[in-house]
Amino acid sequence: MSTPLHRLSPLEVTERAACMCDHDDVCSSFAPGHALHLIQARLASATPSDWIDGIVEHADAVTGALRVRALDGGQHSLWNASGAALEAPTGTPVALHSRYHVLAVGRVQFNVAV
């Protein structure tokens, strides 16, 4: 006699799928606002004309929300789960890659949801 296999329904699998940053661990997702993918970082560095300089106007370390005022006057609302708001408190100079959604705080780069 064999033991019957327990199969999970797609709904159960979807409900259980969550990024590790939801559990205070290292980001396991490359979705917007989560971990920065190597290809995303390389594409951003290969297109220097798409970087926008700015200053952080608001940073909420609890929610991961940031508001950046570009030097040309534009305003960008961003979100990051991996600590960008901790690295870039209010008043920090930053650079935002407009095409590939990368936020640079000094030498540290973050994937941001725009």
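**Figure 1. His-101 sits in the loop between S4 and S5.** Let's start our tour of this predicted model at a turn. S4 and S5 form a hairpin, with 4 residues between them. What is the sign of phi at His-101? The angle is positive, about 55°, although His-101 is not a glycine. Is this residue buried, exposed or partly exposed? His-101 counts as partly exposed, because its relative accessibility is 30%. Keep His-101 in mind, as the residue returns among the contacts of Asn-111.

**Figure 2. Strand S4 pairs with strand S5 on one side of the hairpin turn and S5 answers in the antiparallel sense.** Strand S5 covers residues 102–105, and 3 bridges link this strand to S4. To find one of these pairs, look for Leu-96, whose bridge partner in S5 is Leu-103. How many of the 5 residues of S4 are buried? The count is 4, so S4 is mostly covered, given that buried means under 20% relative accessible area.

**Figure 3. Strand S4 also pairs with strand S1.** Here S1 (residues 51–60) and S4 (residues 93–97) run antiparallel, joined by 5 bridges. Two pairs make good landmarks. Trp-51 has His-97 as its bridge partner in S4, while Asp-53 has Ala-95. If you are new to sheets, it helps to know that strands pair through backbone hydrogen bonds, either parallel or antiparallel.

**Figure 4. His-97, found in strand S4, is a buried residue.** Why does His-97 count as buried? Its relative accessible area is 0%, and buried means under 20%, so His-97 falls in the buried class. Follow the side chain of His-97 and you will find that it reaches the backbone oxygen of Ala-44 at 3.5 Å. A polar atom of this side chain also lies 3.1 Å from the backbone nitrogen of Tyr-100. Leaving aside neighbours within four places in sequence, His-97 is in contact with Ala-44, Thr-47, Asp-50, Trp-51 and Val-102. You have met Trp-51 already, as the residue whose bridge partner in S4 is His-97.

**Figure 5. Ser-45, in helix H2, is an exposed residue.** Helix H2 spans residues 38–46. Ser-45 has a relative accessible area of 51%, and exposed means over 50%, so the residue counts as exposed. Which backbone oxygen lies 3.0 Å from a polar atom of the Ser-45 side chain? That oxygen belongs to Arg-42. Now look across to His-97: 52 residues separate Ser-45 and His-97 along the chain, yet their C-alpha atoms are separated by 9.0 Å. Comparing the two residues is a nice exercise, as Ser-45 is exposed and His-97 is buried.

**Figure 6. Asn-111 lies in strand S6.** Is Asn-111 buried or exposed? Asn-111 is buried, because its relative accessible area is 3%. The side chain of Asn-111 reaches the backbone oxygen of Ala-35 at 3.1 Å. Beyond its neighbours within four places in sequence, Asn-111 is in contact with a list of residues that includes Phe-30, Pro-32, His-34, Leu-36 and Gln-40. Trp-79, Asn-80 and His-101 are also among these contacts.

**Figure 7. Six strands come together in an open sheet.** Trace the order S3-S2-S1-S4-S5-S6, and note that the pairing is antiparallel. Which strands are at the edges? They are S3 (75–79) and S6 (108–111), each of which pairs on one side only. From one strand to the next, the twist averages 35°. Stepping back, the chain holds 3 helices and 6 strands, and along the sequence they follow the pattern α-α-β-β-β-α-β-β-β.

**Figure 8. Confidence varies along the predicted chain.** The mean pLDDT is 85, and 75% of the residues reach 70 or more. Where does pLDDT stay under 50? Look at residues 12–17, for which the model has 3 contacts beyond four places in sequence. Where pLDDT is low, the predicted coordinates should not be read in detail. For the chain as a whole, 32% of the 114 residues count as buried. The chain exposes about 7400 Å², with carbon and sulfur atoms supplying 57% of that area. Among contacts between residues at least 6 apart in sequence, 51% join residues at least 24 apart.

Note on methods
Residues numbered from 1 in each chain as written. Predicted model: local features only at pLDDT ≥ 70, side-chain atom pairs only at ≥ 80, totals over all residues. Heavy atoms only, no water. Pairing = 2+ DSSP bridges. Helix = DSSP H or I, 4+ residues; strand = E, 2+ residues; numbered from the N terminus. Axes fitted to C-alpha atoms, helices over the stretch in contact; angles between N-to-C directions. Buried < 20%, exposed > 50% of the residue type's maximum accessible area, 1.4 Å probe, protein only. Polar contact = N/O pair within 3.5 Å; in protein donor to acceptor, adjacent residues only side chain to side chain. Contact = heavy atoms within 4.5 Å. Areas by Shrake-Rupley, 256 points an atom, 1.4 Å probe, with all protein chains shown as cover. pLDDT = per-residue confidence, 0-100.
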